[in-house]
Amino acid sequence: MNRKTMVHNMTTYHPHIPVLLNESVDALITDTEGLYIDGTLGGGGHSKEILNNLGENGRLYGIDQDDEALEEASSRIGDDPRFTTIKGNFGYLATLIPPQEHGQVAGILLDLGVSTHQIKEAERGFSFQEDGPLDMRMGKFSGISAYQVVNEYSYEKLRDIIFHYGEEKQSRPIARAIIENRPLETTGELRKVVSSVVNNRYEVKSLARVFQGIRIEVNRELDMLKSVLQESLEVLKPGGRIVAISYHSLEDRLVKRFFKAGNFEGKIEKDFYGNPLSPIEPVNKQVITPSEKEVSDNPAARSAKLRIAEKTEGGGE
Ligand SMILES: C[S@@+](CC[C@H](N)C(=O)[O-])C[C@H]1O[C@@H](n2cnc3c(N)ncnc32)[C@H](O)[C@@H]1O
């Protein structure tokens, strides 16, 4: 694919190939004239396909916290009276969607994580393969940047982020080395410090994990995911669906438990007679993953996991 467009008059948009496109859109749309939300608009790949499958009275809100994504998706989709973009964090879903539409939404899509554009754009500071400032904020109004995490957090906090959010076992020596080499200004400098303490054989994996951990902390990704899942029950109608594509086990665990039980412990509450009280139930028992062909065409899809759930009658009320 060689399509590249300009965003912000300066930046070239790095195309993002939508993951599990047909599987997710087929699962999402149960009523072609319904109201839908794409909570992670990105380059608009999923949104375009959703619109292709909606009738003339169907409608779609596309949410993203990143101006560059909103601009790219708007130019890709063009003028379509059925489509409205919303700038904001999906963690505040119920506030972003007009109150008169609460309880009306037929489906919500969440294609979690970062886009190819965000990763490849060195200035955004997400990637250890590009040299850029330590930023990693998906939205420019997000509280802290990677610079603060790397340069201001205590040893214990850094170690825990790298261990829990990055799932990196060598979190102690890495956190210690970061602190000894402060201040670090760029992703290249952070890369050098991490590489100096990890086993050569696992260098790339360790780098990916450390960068993932810091990114999750900067964007409060797990808190925002919990929040959007809970708030989705406010805006969905009974029978409305959430379709979530996650890219690492921390996200997938939260999605799986919530879809099973409507809480993050994954424990289904029961009434006095033993009837389940879950406000939501999974549609697919088996998680859906990309085909070998999709992964070979688009390696970024390799860890994707798709889950689908439906709000039950009376769920969330
Ligand atoms: C994997 S990309 C989505 C790609 C899109 N499905 C496509 O096919 O072009 C994820 C997008 O979600 C956005 N995003 C991630 N977390 C978000 C949040 N909490 N609130 C709003 N947008 C978020 C990112 O800025 C990014 O543009």
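Two residues are in contact when they have heavy atoms within 4.5 Å of each other. The exercises below apply to a predicted model.

**Exercise 1.** Find which residues of helix H8 meet helix H9, and describe how the two helices are arranged.

*Solution.* Begin with the axes: those of H8 (residues 171–180) and H9 (residues 187–197) come within 9 Å and cross at roughly 135°. Next, classify the angle, remembering that angles over 145 degrees count as roughly antiparallel and those from 65 to 115 as roughly perpendicular; H8 and H9 are therefore oblique to each other. The crossing of H8 and H9 is, in addition, right-handed. Finally, list the residues that touch: Pro-173, Ile-174, Ala-177 and Ile-178 on the H8 side meet Leu-190, Val-193, Val-194 and Val-197 on the H9 side. Sorted by character, the residues of this contact comprise eight nonpolar, no polar and no charged.

**Exercise 2.** Compare the expected and actual span of helix H11, and decide whether H11 is largely enclosed or not.

*Solution.* H11 (residues 221–235) has 15 residues, which at 1.5 Å a residue should span 21 Å, and its end C-alpha atoms are indeed 21 Å apart, so the two values agree. For the second part, count the buried residues: 11 of the 15 are buried, so H11 is largely enclosed by the rest of the structure. Among them are Leu-222, Met-224, Leu-225 and Val-228, together with Glu-221 and Glu-231.

**Exercise 3.** Locate Gly-88 and determine whether Gly-88 is buried or exposed.

*Solution.* Gly-88 lies in the loop between strand E5 (83–87) and helix H4 (93–96). Its relative accessible area is 7%, and because buried means under 20%, Gly-88 is buried.

Note on methods:
Residues are numbered from 1 along each chain as its sequence is written. This is a predicted model: local features need pLDDT of at least 70, side-chain atom pairs count only at pLDDT 80 or more; totals for chains, interfaces and linings use all residues. Side-chain values use heavy atoms; hydrogens and water are left out. Axes are lines fitted to C-alpha atoms, for helices over the stretch in contact, and angles run from 0 to 180 degrees between N-to-C directions. Helices (H or I, at least four residues) and strands (E, at least two) are DSSP runs, numbered from the N terminus. Angles under 35 degrees count as roughly parallel, over 145 as roughly antiparallel, 65 to 115 as roughly perpendicular and the rest as oblique. A crossing is left-handed if the near helix is turned anticlockwise from the far one by less than a right angle, and right-handed if clockwise. Ala, Val, Leu, Ile, Met, Phe, Trp, Tyr, Cys and Pro count as nonpolar, Asp, Glu, Lys and Arg as charged, and the others, Gly among them, as polar. The expected span of a helix is 1.5 Å times one less than its number of residues. Buried means under 20% relative accessible area, exposed over 50%, partly exposed in between (1.4 Å probe, protein chains only).
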